[in-house]
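Please open the structure in a viewer and keep the selection panel at hand. The tour proceeds from a single residue to the strands and then to the whole chain.

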Amino acid sequence: MFTIDHHLTVDDLAKALRHDVHDGLTATPKTLPPKWFYDERGSALFEEITRLPEYYPTRAERSILEARAAEIAEATGADHLVELGSGSGEKTRLLLDALRAAGTLRGFVPVDVSGDFLETAARRVAEEYPSVTVHAVVADFERHLNLLPSGGRRLIAMLGSTIGNQTPGRRHAFLADLRQAASAGDGLLLGLDLVKDPDRLVAAYDDAAGVTAEFNRNVLRVIDRELDADADPEAFAHVALWNPEAEWIEMHLRAGRAMRVRLRALDLVVHFERGETVRTEISAKFRPDGARAELAAAGFETTHWWTDPGGDFALLLARP
Ligand code: AVJ
């Protein structure tokens, strides 16, 4: 069975984009939130990133899930899998298969801001798992956590180190909201990329084939199309750097020359100096103690912590 709830309209998204771009490009220093990378082309580029030799997180997380999915199913006894920010679906299937084998699985709730992508992926799961109730939810999980279906024992999964896109303050607010939305029998499964040699981290965000550079520039293509703007993506260089104080990777777009970008839909002209950058993403990296402390501060107890053999990536299980 398949159903889909919409908590975001095309209009809500258009408004949010206008607001984010206006605020980000008139601020000093300039920033843009990473959620606008993911139009059709951006999502395809991200899929390509996950297969790059330098980008280890996806493979490392998959290897942990392959080794631990049965243990996760047993530890949680979950009857519903709630996936926040549903990805390509391969990792989802590892979890669904394990919960099905344990005999507890009843429902799957994929949650994403991108409706078309979500609907296609969720319908496929409904066909492959005929005994599972698939209830897709188009929502912004930073705002709509309380609108998710409740009841039963839920395993709430946020994989891929997606949470690393948020600053520590936003992460705390998000985890605290999640705690409010969770009930006693629920479990939280979180994928976290770990602090490691900066050279490897930077290489993962600045690959030799230039796929991440194209992914980064894609945000300008989205802005040009959606806001009737004239930014030249080729005039911006891709920059990935390790911020050792904050322990996050930063991606920027650096203007190769002075320029003015006109955003007709915002009635705005933005000036760039030569060499000026727009920060387009942060990707925080975690340490075991810090991660546990962040969860505890939001009211979650970490009960399991698994890493891949190389210690690059962690998957943790926590309960309210
Ligand atoms: C999807 C946010 C987890 O931060 O590693 C990959 C996005 N950006 N390469 C990450 C991303 C550049 C990715 N997340």
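Select His 144 first, and display its surroundings: leaving aside residues up to four places away in sequence, His 144 touches His 7, Leu 8 and Ala 139. The model is a predicted one. His 144 lies in a loop, with β5 (133-138) on one side and β6 (154-158) on the other. Is this histidine buried or exposed? His 144 counts as buried because its relative accessibility is 11%, and the limit for buried is under 20%.

Next, select residues 259-263 and 268-272. The former are strand β10, which pairs with β11 in the antiparallel sense over five bridges. Where the two strands face each other, Leu 263 stands opposite Leu 268 of β11. The pair makes a hairpin with four residues between β10 and β11. Within the turn, Asp 267 can be picked out by its positive phi of about 55°.

Keep β11 selected and show its side chains. Which of them point to the buried face? Leu 268, Val 270 and Phe 272 point to one face and are buried. Val 269 and His 271 point to the other face and are not buried. The side chains thus alternate along residues 268-272.

Move now to the open sheet of four strands, whose order is β2-β12-β9-β8 and whose pairing is mixed. To find its edges, select β2 (30-31) and β8 (236-243), each of which pairs on one side only. Then select residues 248-255 and 277-284, which are strands β9 and β12 respectively. These two strands run antiparallel and are joined by seven bridges. For one position in this pairing, label Met 251, whose bridge partner in β12 is Glu 281.

Finally, select the entire protein. Its secondary structure comprises nine helices and 14 strands. Along the principal axes, the C-alpha atoms fill a box of roughly 60 × 40 × 35 Å. How does the radius of gyration relate to that of a compact globule? For 320 residues, such a globule would have a value near 20 Å, and the protein has 20 Å, so the two agree.

With the surface displayed, the accessible area comes to about 14,400 Å², and 50% of it belongs to carbon and sulfur atoms. Of the 320 residues, 50% count as buried. Among contacts with a separation of 6 or more, 72% are between residues 24 or more positions apart. Colouring by charge completes the tour: the mean positions of the 37 positive and 51 negative charges are 1 Å apart.

Note on methods: Residues are numbered from 1 along each chain as its sequence is written. This is a predicted model: local features need pLDDT of at least 70, side-chain atom pairs count only at pLDDT 80 or more; totals for chains, interfaces and linings use all residues. Side-chain values use heavy atoms; hydrogens and water are left out. The radius of gyration is taken over C-alpha atoms; the globule rule is 2.2 Å times the number of residues to the power 0.38. Buried means under 20% relative accessible area, exposed over 50%, partly exposed in between (1.4 Å probe, protein chains only). Contact means heavy atoms within 4.5 Å. Accessible areas come from the Shrake-Rupley method with a 1.4 Å probe; for residues, only the protein chains shown count as cover. Lys and Arg count as positive and Asp and Glu as negative; His and the chain ends are not counted. The place of a charge is taken as NZ of Lys, CZ of Arg, CG of Asp or CD of Glu. Two strands pair if DSSP finds at least two bridges between them.
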